[in-house]
Amino acid sequence: DLFGVQESCLAVTLSGISDLDGNALEGDANIHVRVLAGDVTANGIVNLLDFQAVKNLLFQSVNGANFRSDVNTSGSFNILDLQAVKSGRSHSVSCP
């Protein structure tokens, strides 16, 4: 359950993964997932680039290509998304 997680690096272990033909996939099954509210550019820090990305989408429709910028997950881009990015400004998360 990740409800309420704002900043974190999560270690996830995957097992039983197979390709479309049912062949087991080998290799590193441990991955890290970075969670950082407001980091719409996915660079590990909330900054002016994130604010500008959200600002450029104001009043547009959310879709599969821009959903990361809907920071408050309301289904639309609005001033509340900008406020959420601003409140997270300078926060950062790094993963190994």
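Student: Which residue does the disulfide join to Cys-9?
Tutor: Cys-95, with an S to S distance of 2.1 Å. A disulfide here is a pair of cysteine sulfur atoms within 2.5 Å.

Student: OK, and what kind of model is this?
Tutor: It's a predicted model, where local features need pLDDT of at least 70, side-chain atom pairs count only at pLDDT 80 or more, and totals for chains, interfaces and linings use all residues. Residues are numbered from 1 along each chain as its sequence is written, and side-chain values use heavy atoms, with hydrogens and water left out.

Student: Back to the cysteines. Where do Cys-9 and Cys-95 sit?
Tutor: Cys-9 is in strand E1 (residues 7-13), while Cys-95 is in the segment after helix H2 (79-87). They are 86 residues apart, so the pair links distant parts of the chain. Helices (H or I, at least four residues) and strands (E, at least two) are DSSP runs, numbered from the N terminus.

Student: Is that disulfide left-handed or right-handed, and why?
Tutor: Right-handed, because the torsion about the S-S bond of Cys-9 and Cys-95 is about 135°.

Student: Are Cys-9 and Cys-95 buried or exposed?
Tutor: In between. Cys-9 counts as partly exposed at 28% relative accessibility, and Cys-95 is also partly exposed, at 27%. Buried means under 20% relative accessible area, exposed over 50%, and partly exposed in between (1.4 Å probe, protein chains only).

Student: Switching topic: what pattern does the protein follow along the sequence?
Tutor: β-β-α-α, with two strands and two helices. The radius of gyration is 16 Å, well over the 12 Å that the globule rule gives for 96 residues, so the protein is more spread out than a compact globule. That radius is taken over C-alpha atoms, and the rule is 2.2 Å times the number of residues to the power 0.38.

Student: What does the C-alpha trace span along its principal axes?
Tutor: About 45 × 25 × 25 Å. Of the 96 residues, 22% count as buried. The accessible surface comes to about 6700 Å², with 54% of it belonging to carbon and sulfur atoms. Those areas come from the Shrake-Rupley method with a 1.4 Å probe; for residues, only the protein chains shown count as cover.

Student: Which residues form the nonpolar patch on the surface?
Tutor: Leu-14, Ile-17, Leu-25, Ile-31 and Val-33, with about 380 Å² of accessible area together. Patches are made of residues with over 30% relative accessible area and no salt bridge (a side-chain nitrogen of Lys or Arg within 4 Å of a carboxyl oxygen of Asp or Glu). Like charges are joined within 9 Å, nonpolar side chains (Val, Leu, Ile, Met, Phe, Trp, Tyr) within 5 Å.

Student: Where is Ile-17, then?
Tutor: In the loop between E1 and E2, partly exposed at 41% relative accessibility. Not counting residues up to four places away in sequence, Ile-17 touches Asn-23, Ala-24 and Leu-25; contact means heavy atoms within 4.5 Å. Val-33, by contrast, is in strand E2 (residues 30-36).

Student: What's up with phi of Phe-59?
Tutor: Phi of Phe-59 is near 70°, a positive value in a residue other than glycine. Phe-59 lies in the loop between H1 and H2 and is exposed, with a relative accessible area of 73%. Ala-42 has a positive phi too, near 60°, and its place is in the loop between E2 and helix H1 (48-55).
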